[in-house]
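Visitor: Can you walk me through the ligand site?
Guide: Sure, here it comes.

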Amino acid sequence: MKVLVTLASSHLSLEIASSLSGSHEVRLTDKNEVSTDLEIVCSDLGHGAPTNELVRGMNAIVHSGEIDPAASVSDQLDYQMRCTYNLLWSAAEEGVQRFIYLSSLRLMDGYDPDLAVTERWKPLPTTDVSVLCYHLGEMICREFARENKISVVILRLGDIASEKVAKTAISTSTLYMDDAALAIEKALGADHSGWLDIYHIQSVVPNARYLTGQPWWSADDVSPSFNLGYEPRARS
Amino acid sequence: MNVLILGANGELGPHVVRALEHRHQLRLTDINDLETQHEYFRADAADLDQVVAAAEGMDVIINLSVLRKDRRLAFDVNARGCYNMMTAAVEHGIRRVVNTGPFYVVAGPTYERFDHMIGPDVPHQPGTYLYALTKSLGQEICRVFTESHDIHVMDLLFYMLLDPETHNVESGSPIANVGHDLVPYTISWRDAAEAIRCALYVEMDKLPSRSEVFFVFPDLPHQKFSSEKARRLLGWEPKDQLDQFWKKAKL
Ligand SMILES: NC(=O)c1ccc[n+]([C@@H]2O[C@H](COP(=O)([O-])OP(=O)(O)OC[C@H]3O[C@@H](n4cnc5c(N)ncnc54)[C@H](O)[C@@H]3O)[C@@H](O)[C@H]2O)c1
């Protein structure tokens, strides 16, 4: 598959791209130059032909909802709303089949940790821009999916952590990089509803806060059950 | 009350000014220059610092600013503008905000094409149309702020606005389809302004939540949308009934 990964300046995107590059043809993009061995195309994800050229021929796009902590609040909001919209339009126009939006489980932090929160629960965004941006990005994705312009998968990722972090320092919604890469690999390959599929993704950690890997089940007989097939690695 | 109006220099602005000027101190702002007897200064709704500065000393913010076509500006004004407005409200302890927008902030084509009696409290389906989606993002940003701040936002949504005195086939308006149909959610400019005036007097603690959306239009026969909530909670009564516009043209 040909896969475009955005926000190459983020550690997560770079790691994901490098992991996917084992089995896919990966192109990275960022508004600035980033040092990498993979193909990288600079783009401000504007409204116009260059963004269409960027996505042309891609089978899937992995778009990160992370914010650039060095940017101003206005620029962070602008990037996550306007650039996400531009990217989705270009992707839809160029016939890209799948759009994978990397959102965050922080949208669900407002619930009591004892509750069995799943993808069906209402997101509880806050005014913290790093959380709000994920919510607004999801809203934009949702409208493109609703109009069947493109098939969208939203992966709400846990707190990204490296294996090297001490066990005592990890949160109950930790997501290790290898599990994140696995989830994205699954999202590229799995059957989807073709509308909007949302999945919660975290690793196996003590007192894991979020349920993962559950099929999307409906009581009717017209919506098939969907499952990403994500199974986080067992860790001792 | 000290009332800040953002985007005061558009079509709706002068009607709102007329409805409020006798009882309130108005501070008008817009990206364009404006001749007025009220306090006026130029402020870009997309500039956080300018909006925060404009809101100093105000009791209410009314947001009439809108940009419909250009992608960058639509996100700047319609979506980020709301973030800036709410940040300004937090900064200055302003508890009442009246936001405005088009009906498809809530009810985009996936409702309008299919349903009837669509009320303003259904989950939002703006669709991908730039104007609708950016205004809907703005409304959602306002709502999220009200979750953690003691600010009430009343979002008044309109569809088509007209002047019943001058609205006729000769007016050249794309909606001047007199005698054939009337957009199922049309209102006169003065009634729209009156609804905004009413929003200034609503007892906020009696509203069901700190973020409420209203469809605002008089009784129309289509039964496509419902404006019942605006009458019930805003205490608003339209003066212009518009029934002359949905009678068949005489052959
Ligand atoms: N006119 C209609 O038929 C209609 C229909 C439905 C909803 N509405 C809503 O009513 C409200 C008022 O609409 P209108 O018809 O007066 O619109 P308008 O386009 O006539 O006026 C909008 C005003 O916003 C100003 N503006 C644009 N960019 C700005 C910026 N960066 N900073 C500050 N101001 C800026 C413009 O200069 C203009 O004066 C809007 O929220 C609109 O969505 C209008």
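Visitor: Which pocket does the ligand take up?
Guide: The ligand fills the second largest pocket. A pocket is an open set of points, on a 1 Å grid over the protein atoms alone, where a 1.4 Å probe fits, with protein on both sides within 12 Å along at least five of seven lines. A molecule sits there if more than half of its atoms lie within 2 Å of the grid points.

Visitor: Which elements give two or more residues to the shell?
Guide: β5 (96–102) and α5 (130–148) of chain B do. β5(B) gives the largest share, 3 residues. Strands are DSSP E runs of at least two residues, helices H or I runs of at least four, numbered from the N terminus.

Visitor: Fine print?
Guide: This is a predicted model: local features need pLDDT of at least 70, side-chain atom pairs need 80 or more, and totals for chains, interfaces and linings use all residues. Residues are numbered from 1 along each chain as written, chains are lettered from A and ligands numbered from 1 in written order, and side-chain values use heavy atoms, without hydrogens or water.

Visitor: How many residues surround the ligand?
Guide: 26, with Asp30(B) and Thr100(B) among the closest. Each has a heavy atom within 4 Å of the ligand.

Visitor: What does the side chain of Tyr131(B) do there?
Guide: One of its N or O atoms is 2.6 Å from a ligand oxygen. That is a polar contact, a pair of N or O atoms within 3.5 Å.

Visitor: And Gly10(B)?
Guide: A polar backbone atom of Gly10(B) is 2.9 Å from a ligand oxygen.

Conventions: Polar contact = N/O pair within 3.5 Å; in protein donor to acceptor, adjacent residues only side chain to side chain. 1 Å grid on protein atoms, 1.4 Å probe; cavity = no way out; pocket = protein on both sides within 12 Å on 5 of 7 lines; lining within 4 Å.
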